[in-house]
Amino acid sequence: MRMILFSSRQYDRDTFSEANASFHYELHFQESSLDSETAILAHGYDVVCPFVNDTVDAAVLEQLHAGGTRLIALRSAGFNHVELAAAARLDLPVLHVPAYSPHAVAEHAVGLILALNRRLPRAVARTREGDFSLTGLLGFDLHGKTVGIVGTGVIGRTFGRIMAGFGMQAIAYDPGSPAAELLALGAQYVPLDTLLGSADIVSLHCPLVPATYHMIDAAALAKMKRGAMLINTGRGGLVESNALVGALKSGQLGHLGLDVYEEEGGLFFEDHSDTPLLDDVLARLLMFPNVIVTAHQAFFTREAMNEIAQTTLGNVKAWCDGAPVNVVRHAPARG
Ligand code: NAI
């Protein structure tokens, strides 16, 4: 079985090579991202393994199909980058990694909250300079405050458990069934607008689907509590980036932590430090002292990487054995 991994880096090579010791597939690690120009590189590979910012639209899928690809094995939970209707039409199964260390993402969301609240980047920069003053570093107790969890799937629930440990009151919004373990922790399910109006911290853990695209726009930001914190470790498209700048300038949005960004494709996962940042919105966001942006690293723990590699290769094996698992359906309800 020949498999090509697009957008791969040394860490992918390390973890997939190690996991492959028990599968023995022929793995080819390709640094280029997948798009209509690079799809040709997959010619002759049975399995194509794209990453989250690769282009897997109808045109690319048609090229892959024509080149002999029989399976798309995603190494991510999210599949919003895949045109599922086209894959179904071409009879190209799409598999994903539905759950891998939800702790990795949930803990990163908590890391963003603590870093923003206690101004840790600023505090560290100060002490390095010999400035031991506290002005401008005032935070607030998480204990007793309200956290709003949007999407209470595997990651949202894990996040909720951690925040309950801080003594926060959790409120949640999810169009699916309420999570029993969050209810047991005292969480209340409320409509999205109620959540936005009541939470001191809003954290997004739902998939990017047409219904959630720009769910946090200017109108939603205006409904939030003044000075509240917004955390997005879900997908960039959940938030209308343009609206963030105004909300931060006016003070309506008090803190912003982003691990994902609408226009992150072509930017995140690469070193662009030698060139000017051409994305004006991102450049502006990075100038606010109350904003932290990380480059889609929430998943990036040793445990999660190992699970991703094992599950991705296990998915390929199950499909080869005629018993496919973790198939992404054409009309998904979950991410
Ligand atoms: P999951 O499928 O277990 O849970 C998603 C939840 O969102 C479900 O309970 C679903 O009912 C809910 N949902 C669907 N539509 C919604 C809506 N309109 N409003 C509110 N909730 C809605 O997925 P999981 O594993 O918890 O992951 C959540 C998301 O986190 C993924 O879809 C992915 O986009 C993102 N993610 C980000 C990573 C990162 O490194 N930053 C890594 C892994 C996942």
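Which residue in β2 is the bridge partner of Leu5? Look at the start of the chain and you'll find the answer: Leu5 has Phe29 as its bridge partner in β2. Keep in mind as you look around that this is a predicted model. That pair is a handy way in, so let's follow the strands outward from there.

Leu5 and Phe29 belong to a link between two strands. Strand β1 covers residues 2–5, and 4 bridges join it to β2, with the two strands running parallel. Both are part of an open sheet of 5 strands, and if you walk across it you meet β2, β1, β3, β4 and β5 in that order, paired in parallel. The walk begins and ends at β2 (26–29) and β5 (94–95), each of which has a single partner strand, so one side of each is left without a neighbour in the sheet.

Now for the helices that go with this sheet. Helix α1 lies across β1 and β2, and its direction is about 175° from that of β2. From the other end of the numbering comes α12, which lies across β1, β2, β3 (47–49), β4 (71–73) and β5 and runs at about 155° to β4. So which strands do α1 and α12 both lie across? For α1 they are β1 and β2, and both of these also turn up in the list for α12.

The two helices meet each other as well. Helix α1 takes in residues 10–19 and helix α12 residues 302–320; they pack at an angle of about 55°, with 9 Å between their axes. That angle makes α1 oblique to α12. The crossing, as α1 passes α12, is right-handed. If you want to pick out the contact by eye, α1 brings Tyr11, Asp12, Thr15, Phe16 and Ala19, while α12 brings Met305, Asn306, Ile308, Ala309, Gln310, Thr312 and Leu313. Sorted by type, the residues in this contact come to 7 nonpolar, 4 polar and 1 charged.

Past the end of α12 there is a further segment, and Pro324 sits in it. With a relative accessibility of 43%, Pro324 counts as partly exposed. Leaving out residues up to four places away in sequence, Pro324 touches Ala318 and Trp319. For a sense of distance, try Glu181: Pro324 is 143 residues from it in sequence, and their C-alpha atoms are 30 Å apart in space.

Time to move to another sheet. This one is open too, with 7 strands in the order β8-β7-β6-β9-β10-β11-β12 and parallel pairing. Its edge strands are β8 (188–189) and β12 (291–293), each pairing on one side only. Further in, strand β9 (residues 201–204) pairs with strand β10 (residues 228–232) in the parallel sense, over 4 bridges. One residue pair to look for there is Ile201 with Met229, its bridge partner in β10. Helix α6, made of residues 154–165, lies across β6 (146–150) and β9, and it runs at about 170° to β6.

Follow the chain out of β9 and you come to the loop that leads to α9 (218–223), where Thr212 is found. Is Thr212 buried or exposed? Its relative accessibility is 11%, and because anything under 20% counts as buried, Thr212 is buried. Apart from residues up to four places away in sequence, Thr212 touches Cys206, Pro207, Gly237 and Leu238.

A little further along, helix α10 (residues 241–250) packs against α11 at an angle of about 30°, their axes 9 Å apart. The two helices are therefore roughly parallel to each other, and their crossing is left-handed. On the α10 side, Ser241, Asn242, Leu244, Val245, Leu248 and Lys249 meet Val281, Arg284 and Leu285 of α11. That contact divides into 5 nonpolar, 2 polar and 2 charged residues.

Finally, two backbone oddities. Most residues other than glycine have a negative phi. Phe269, in the loop between β11 (253–258) and α11 (280–287), has a positive phi of about 75° although it is not a glycine. His296 is no glycine either, yet its phi is positive at about 50°. You'll find His296 in the loop between β12 and α12, and with 8% relative accessibility it counts as buried.

Key: Residues numbered from 1 in each chain as written. Predicted model: local features only at pLDDT ≥ 70, side-chain atom pairs only at ≥ 80, totals over all residues. Heavy atoms only, no water. Axes fitted to C-alpha atoms, helices over the stretch in contact; angles between N-to-C directions. Parallel < 35°, antiparallel > 145°, perpendicular 65-115°, else oblique. Left-handed = near helix turned anticlockwise from the far one by under 90°. Contact = heavy atoms within 4.5 Å. Nonpolar A, V, L, I, M, F, W, Y, C, P; charged D, E, K, R; others polar. Pairing = 2+ DSSP bridges. Buried < 20%, exposed > 50% of the residue type's maximum accessible area, 1.4 Å probe, protein only.
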